[in-house]
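Work through the following exercises with the sequence and the model open beside you. Try each task before reading its solution.

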Amino acid sequence: MPDFADFRFPLPVDVALRIRRMGGGLELKGTVDGRAAGECGRCLEPVELPLHLELAERFDPVLGRDDPLGQNNVLHGDELDVADLIRQLIDSALPLTLACSENCPGLCPECGRKRDGTCRCPHPE
Ligand SMILES: [Zn+2]
Ligand SMILES: [Zn+2]
């Protein structure tokens, strides 16, 4: 899995997929498991989060043009670009910003240290 946005993938992402033909389209079911690594948006410490997706997608080449899924270009004629599809699904499942914890105090604007006791600057709250 290539890196994208602010995320890296330290381990291979496990993908288990079953693809079935449904009428003129394809039905895709499976799971994606892995770990995504990024940085806390506030203190820049490394953060890892587990990744688990349940997939249940349908692709219909005939209706593809009006289907929002048709716009993501994963279906090229009869061929499904699975890697690209997985990438897009992971992308939409990941949070926009990461934080090491919900109440991460972030970095001190004055000394640049984490505001968890390491920083001794007086801070008006
Ligand atoms: Zn943090
Ligand atoms: Zn400080």
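## Exercises on two metal sites

**Exercise 1.** Determine the geometry of the site of the zinc ion (ligand 1), and find which residues coordinate it.

*Solution.* In this predicted model, the angles among the 4 donor atoms of the zinc ion (ligand 1) run from 105 to 116°, and the site is tetrahedral. The test asks that all angles lie between 85 and 135 degrees. The donors are the SG atoms of Cys40, Cys43, Cys100 and Cys104, at 2.2 to 2.3 Å. Along the chain these donors follow the spacing C-x2-C-x56-C-x3-C. Cys43 lies in the loop between strand 2 and strand 3, while Cys100 lies in the segment after helix 1 (82-93), so the pair ties together parts that are 57 residues apart in sequence.

**Exercise 2.** Decide whether Cys43 is buried or exposed, and then place Cys100 on the scale of accessibility.

*Solution.* Cys43 has a relative accessible area of 6% and is therefore buried, as the cut-off for buried is under 20%. Cys100, with 32%, is partly exposed.

**Exercise 3.** Describe the site of the zinc ion (ligand 2), beginning with its donors.

*Solution.* The SG atoms of Cys108, Cys111, Cys119 and Cys121 coordinate the zinc ion (ligand 2) at 2.2 to 2.4 Å, and the donor residues are spaced C-x2-C-x7-C-x1-C in sequence. With angles of 105 to 118° among the 4 donor atoms, this site is tetrahedral. Of its donor residues, Cys119 is buried at 11% relative accessible area, whereas Cys121 counts as partly exposed at 23%.

How values were computed. Residues are numbered from 1 along each chain as its sequence is written. Chains are lettered from A and ligands numbered from 1 in the order in which they are written. This is a predicted model: local features need pLDDT of at least 70, side-chain atom pairs count only at pLDDT 80 or more; totals for chains, interfaces and linings use all residues. Side-chain values use heavy atoms; hydrogens and water are left out. Donors are N, O and S atoms within 2.8 Å of the metal (3.2 Å for Na, K and Ca); water is not among the atoms, so sites may look incomplete. Four donors count as tetrahedral if all angles lie between 85 and 135 degrees; four count as square planar and six as octahedral if opposite donors are over 155 degrees apart and all others between 65 and 115; anything else is irregular. Buried means under 20% relative accessible area, exposed over 50%, partly exposed in between (1.4 Å probe, protein chains only). Helices (H or I, at least four residues) and strands (E, at least two) are DSSP runs, numbered from the N terminus.
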